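Work through the following exercises with the sequence and the structure open beside you. Try each task before you read its solution.

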Amino acid sequence: MAHHHLYRVEELARHFASGGCRVVVHVDVQTPSRDFDALKTALSDTGTIFAARQRCEWGTFALHNTAMETSRLLIDTFEDVDHVCLISGSCLPIQSLDKLKSYLAANPDTDFAESRLIGVDEWVHEGLSEERFTLYFPFGWRSNRWLFDRAVDIQRLLRVNRTVPAHLQIAVGSQWWTLSRGTLRRILDDPKKRETDAYFRKCWIVDESYVQTMVRTHSRTLVNRSLCLTEFDPQGKPFTFYDDHAHLLQRDEEHFFARKIWHGATGLYNKYLRGVEPMAAARRPRGGSLKVLVNEGRENRCLGRPGLLMQSRFPVQAFERQHRTARPYLVLDGFDFVYQGITQWQKSLGLPLAHDRLFAKDAVKFADDASVMPGGIVANPRIRDWNTEQFLTNLVWNARDRQQSFQFHVSDSTRMASFLLKDPNANILFIKGAWAVGMTPNPGETSAQFRRRTMRLKLLEKKHIEEIEGAETRANVQSWTLGEVMADPALPLNALAAMIEGGKLTDVEALPTMRHEHGLGELALNMPVEGMQISNQQAAHTNVSQFKRPESA
């Protein structure tokens, strides 16, 4: 069964024909005629038969019916056929044809098809399951998606519940089956076929249920597995095999075919159709099993990787509380208000990337005044503000081999303040009231304007503190009041030094010093700030002589 990349179909058909197999090919009617004619001409010397072309839309009865009628053509034409294998144009034989023929000859009148009873065995992971057989499906999912969905909604509202014919016990499974000649003939000539077809014609994804149901009636010996290796994610999308999966397919001794093979996997086609071991595949790493790789791929597709978002991942955010960043990082909230040279001091402790203000209103200040960071992230506030959360996510992801920190205050971005508090990788060190250091009137600013500006910052911080104490906070937050820091400047510095991965303390002379701003005392007396009950004299003479070496450093 094929519909595109017909040059690969030609290679497959020639391989089977040269191995003594009878081959019938069906090409979807939507495939361009010139491509079909070229394929027919190319295989004219192989004895390959081409079935009458039909439109085979995925999920519809037509896809199943075409496969069955093509199988009928095969056994009607060739009397020596004892087993029929249904494969697609994107399958590959991963074992020799001699081994396949010997295996089938040793299992005469044996059928290999998955057949899991609906409602008993869990085979359908996501989407419609039992409703495939209790509702009507007059529209194609791909060609008429809107009508398909509305028809399902209306039938659910009306509580439509079709009756399954009494002679059927519905089962589902892989559509890539291998049936003995006798079983296939009995299914095709079933006396109740007209009634069975009429029922399944309005079911959904019939190719995963018709044969799987009928083999329970007509098979003399049924092996409940497919000879074709297929792996699907919970959304029903097949995993694709590439050249660097050659070692995984080589280890598989249970299956004779594999699907789905990328049409550009020249190494795999050379290996399994021509017997040429490709150098490109030979250089690939040999570790890991197929099961581990598939489970990892399934998890990455459905859950994503922390800190890596892309077009296909963004819609899932509607079902998640918030995406995570790739690794832990440090957020210094208010430190640059209180300490001079805090970024240089972090570098002296061994922190690889100590940024300044990443979310300042008019600038992005990367470490070492860099204009571009790994991943092509530029120091442009207009680009950053297009999606600030993704800006930080990309920054952390593209330098995930190194620890990073940055200076922040809620006045930079309330949106990012909320994002940081919900990120479990954020380690936030917060000095309450630090914004008050240096709060003096701007040139030409009236007293009323100065008070409004000060009150705005105070209210922003108050809401920020309330959010920190909220139930949705997942970040690791440590906080001190400005008064506590004035009394003992070593408190936040000790905590910061202890959180730097593999950091080492430097000499006391290299420690950051406190900022001395003449407006702090006046502001503290006239507009009390959270946790700041200090005098002008204390504000003017505070230093870091009390700094203590943290035990963890």
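**Exercise 1. Find which residues of H11 are buried, and say what they pack against.**

Solution. In this predicted model, begin with helix H11, which covers residues 266-274, and look for the residues that count as buried. These are Gly267, Leu268, Tyr269, Lys271, Tyr272 and Leu273. Next, follow these buried residues to their neighbours, which are helix H1 (6-18), E4 and helix H10 (246-251). Finally, step past the end of the helix: H11 is followed by Gly275, and the phi of Gly275 is positive, near 75°.

**Exercise 2. Determine the strand order of the open sheet that contains E4, and identify which strands stand at its edges.**

Solution. The sheet is open and has three strands in the order E4-E11-E10, with mixed pairing. Strand E4 (92-93) and strand E10 (228-230) each have a single partner strand, so they stand at the edges and one side of each is left without a neighbour in the sheet. Now take one of the pairings by itself: E10 and E11 pair in the parallel sense over three bridges. Within this part of the sheet, Cys228 stands opposite Phe257 in E11.

**Exercise 3. Decide why Cys228 and Cys91 are not joined by a disulfide.**

Solution. A search of the whole structure finds zero disulfides. Cys91 is in no disulfide, and the nearest cysteine sulfur, that of Cys228, is 4.0 Å away. A disulfide requires two cysteine sulfur atoms within 2.5 Å. The sulfur of Cys228 is therefore too far from that of Cys91 for a bond, at a distance of 4.0 Å. As a last step, check the accessibility of the two residues: Cys91 counts as buried at 0% relative accessibility, and Cys228 counts as buried at 4%.

**Exercise 4. Locate the backbone features at Lys260, Arg159 and Ile205, and state whether Arg159 and Ile205 are buried or exposed.**

Solution. Start from the general expectation that most residues other than glycine have a negative phi, and that most peptide bonds are trans. Against this background, a cis peptide bond joins Arg259 and Lys260, with omega about 20°. Lys260 lies in the loop between strand E11 (257-259) and helix H11 (266-274).

Turn next to Arg159, whose phi is positive, near 60°. Arg159 lies in the loop between helix H6 (145-158) and strand E7 (171-172), and Arg159 is exposed, with a relative accessible area of 74%.

Then consider Ile205, which also has a positive phi, near 55°. Ile205 is found in the loop between helix H8 (193-200) and helix H9 (210-218), and Ile205 counts as buried, at 6% relative accessibility.

**Exercise 5. Describe how strand E18 is covered and how E18 pairs with E12 and E19.**

Solution. Strand E18 spans residues 426-432, and seven of its seven residues are buried. In a regular strand the side chains alternate between the two faces of the sheet. Sorting the residues by direction, Ala426, Ile428, Phe430 and Lys432 point one way from E18, whereas Asn427, Leu429 and Ile431 point the other way.

For the pairing, take the two partner strands in turn. Strand E12 (residues 329-333) pairs with E18 in the parallel sense over five bridges, and here the bridge partner of Leu332 is Leu429 in E18. Strand E19 (residues 476-481) also runs parallel to E18, and six bridges join the two, with Thr481 in E19 as the bridge partner of Lys432. Between E18 and E19 the chain crosses through helix H19 (residues 447-468), and this β-α-β crossover is right-handed.

**Exercise 6. Name the residues that touch the most other members of the largest nonpolar core, and list what Trp177 touches.**

Solution. The largest nonpolar core has 74 residues, of which Trp177, Phe200, Leu249, Ile261 and Leu268 touch the most other members. Leaving aside residues up to four places away in sequence, Trp177 touches Met68, Ser71, Val84, Cys85, Leu86, Phe112, Ala113, Leu184, Val211 and Gln212. There is also a second, separate core of 32 residues, which includes Trp345, Ala436, Val485 and Met514.

**Exercise 7. Find where the pLDDT is below 50.**

Solution. First consider the protein as a whole, for which the mean pLDDT is 86, with 86% of its residues at 70 or more. Over residues 528-553, however, the pLDDT is below 50, and this stretch has 65 contacts in the model beyond near neighbours in sequence. Where pLDDT is low, the predicted coordinates should not be read in detail.

Definitions and conventions. Residues numbered from 1 in each chain as written. Predicted model: local features only at pLDDT ≥ 70, side-chain atom pairs only at ≥ 80, totals over all residues. Heavy atoms only, no water. pLDDT = per-residue confidence, 0-100. Contact = heavy atoms within 4.5 Å. Helix = DSSP H or I, 4+ residues; strand = E, 2+ residues; numbered from the N terminus. Buried < 20%, exposed > 50% of the residue type's maximum accessible area, 1.4 Å probe, protein only. Core = buried A, V, L, I, M, F, W, Y, C linked by side-chain atoms within 4.5 Å. Pairing = 2+ DSSP bridges. Right-handed = clockwise from strand over helix to strand, strands pointing away.
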